[in-house]
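Student: Hi! I have a structure open and I'd like to walk through it with you. Can we start with one side chain and work outwards?
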Amino acid sequence: ILGGRETTPHLKPYMASLQVHGKHICGGFLIAEQWVMSAAHCLEDMDNATFHVLLGAHSLKEHEPHKHLYGVLGTSSPGSSHDTNHDDLLLIQLEERAHLNQDVQVLAFQRVDQDVPAGTKCEVAGWGITSNTGRHPDKLQAVELPIISREVCNRRIHHDNEITEKMLCADSRKKDSCKGDSGGPLVCHGVAEGVVTSGSRVCGNWKKPGIYTRISAYVGWIDSILA
Ligand SMILES: NCc1cccc(NC(=O)c2cccc3[nH]c(C(N)=O)cc23)c1
């Protein structure tokens with residue numbers, strides 16, 4: 001997260017950290033007791049190694065009462081396109097149902113397939129790098145970002161017609177999601193509307209708005225997997 005600040009501990013109890021050998025790789029969020037949503041690209045970032053899901057955390061390293069590392073029973077993603085940002089969604093089934101408490105809670109996602117109005121202030125959180133030099137935070141960071149219309153985001157100077165109706169854009173001038181935030185939720189009015197994708201990989205450059213997968217465009221697929 002660039003341009004953000006440390007969150008108040010455990011006020012985002014849906015946040016998940018996808019980890020390989022204790023190293024944070026990607027974000028994610030709890031959508032049901034046994035299911036975490038993230039980004040399909042994260043599997044590649046993990047070189048398809050065995051990974052675990054940390055719930056209930058604020059600090060990645062310190063002891064906290066409700067921190068718990070879960071094994072993964074299986075994963076599913078809607079598409080197979082590895083090179084693009086298309087269908088960059090991942091559903092992770094935990095090996096057991098998460099124990100819900102004040103630090104571990106489910107986050108609702110948007111089911112109505114309508115664009116979030118441009119200008120809407122949304123929030124993204126994560127343990128991704130906080131500077132382009134790659135500083136890794138120990139504690140959860142968050143930043144508020146305004147939504148940019150698809151029409152503006154598809155201009156040549158920005159993402160030049162790469163933004164489909166299954167993606168949305170948010171401002172990236174100074175404040176932005178970045179490496180390690182992929183898979184985390186973009187939350188607008190308390191509901192998850194998007195999932196962070198790495199997109200053009202650059203961070204904090206106003207010419208390359210952040211790209212987020214629109215969750216409501218995948219409700220049918222999500223319900224089929226969770227059933
Ligand atoms: N909102 C944009 C956004 C959102 C999420 C992830 C990213 N980027 C990356 O995953 C990434 C990947 C590889 C090298 C990288 N170098 C840098 C960098 N800024 O130095 C980022 C990356 C960007």
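Student: Which side chain does Lys12 join through a polar contact?
Tutor: In this predicted model, the side chain of Lys12 is joined to that of Glu123 by a polar contact of 2.4 Å.

Student: Ok, and where is Lys12 placed?
Tutor: Look at the loop between strand S1 (5-6) and strand S2 (15-20): Lys12 is there.

Student: Is Lys12 buried or exposed?
Tutor: Lys12 counts as buried, because its relative accessibility is 14% and the cut-off for buried is under 20%.

Student: What does Lys12 touch, leaving out residues up to four places away in sequence?
Tutor: Glu123 again, along with Thr7, Ala125, Leu140 and Ala142.

Student: New topic: empty space. How many cavities of 30 Å³ or more are there?
Tutor: The count is 1, and the largest cavity holds about 30 Å³ of space. Lys12 turns up here too, since I can list it among the lining residues, together with Thr7, Thr8, Pro9, His10, Leu11, Ala57, His58 and Leu140.

Student: Now the sheet after that loop. In what order do the 7 strands of the open sheet come?
Tutor: The order is S6-S5-S2-S3-S4-S8-S7, with antiparallel pairing. At the edges are strand S6 (68-70) and strand S7 (72-76), each pairing on one side only. On average, neighbouring strands in this sheet are turned by 35° against each other, ignoring direction.

Student: Which helix packs on the sheet?
Tutor: Helix H3 (residues 219-226) does, touching S3, strand S4 (35-38), S7 and strand S8 (90-94). The direction of H3 makes about 20° with that of S8.

Student: How many bridges pair S2 with S3?
Tutor: There are 6, in the antiparallel sense, and strand S3 covers residues 23-32. To see one pair, find Leu18, whose bridge partner in S3 is Cys26.

Student: What holds strands together like that, in general?
Tutor: Strands of a sheet pair through backbone hydrogen bonds, and they can be parallel or antiparallel.

Student: Let's jump to S13. Why is strand S13 described as largely enclosed?
Tutor: Strand S13 (residues 191-196) has 5 of its 6 residues buried, so the rest of the structure largely encloses it.

Student: And which strands does S13 pair with?
Tutor: Strand S12 (residues 185-188) is joined to S13 by 4 bridges and runs antiparallel to it. S13 also pairs with strand S14 (residues 210-214), over 3 antiparallel bridges. Val195 is a good residue to click on: Pro185 has Val195 as its bridge partner, and Val195 stands opposite Thr213 in S14.

Student: Which residue takes a positive phi in the hairpin of S12 and S13?
Tutor: That's His189, with a phi near 50°, in a hairpin that has 2 residues between the strands.

Methods: Residues numbered from 1 in each chain as written. Predicted model: local features only at pLDDT ≥ 70, side-chain atom pairs only at ≥ 80, totals over all residues. Heavy atoms only, no water. Buried < 20%, exposed > 50% of the residue type's maximum accessible area, 1.4 Å probe, protein only. Polar contact = N/O pair within 3.5 Å; in protein donor to acceptor, adjacent residues only side chain to side chain. Contact = heavy atoms within 4.5 Å. Pairing = 2+ DSSP bridges. Axes fitted to C-alpha atoms, helices over the stretch in contact; angles between N-to-C directions. 1 Å grid on protein atoms, 1.4 Å probe; cavity = no way out; pocket = protein on both sides within 12 Å on 5 of 7 lines; lining within 4 Å. Points joined across faces, edges and corners; volume = space filled by probe spheres on them.
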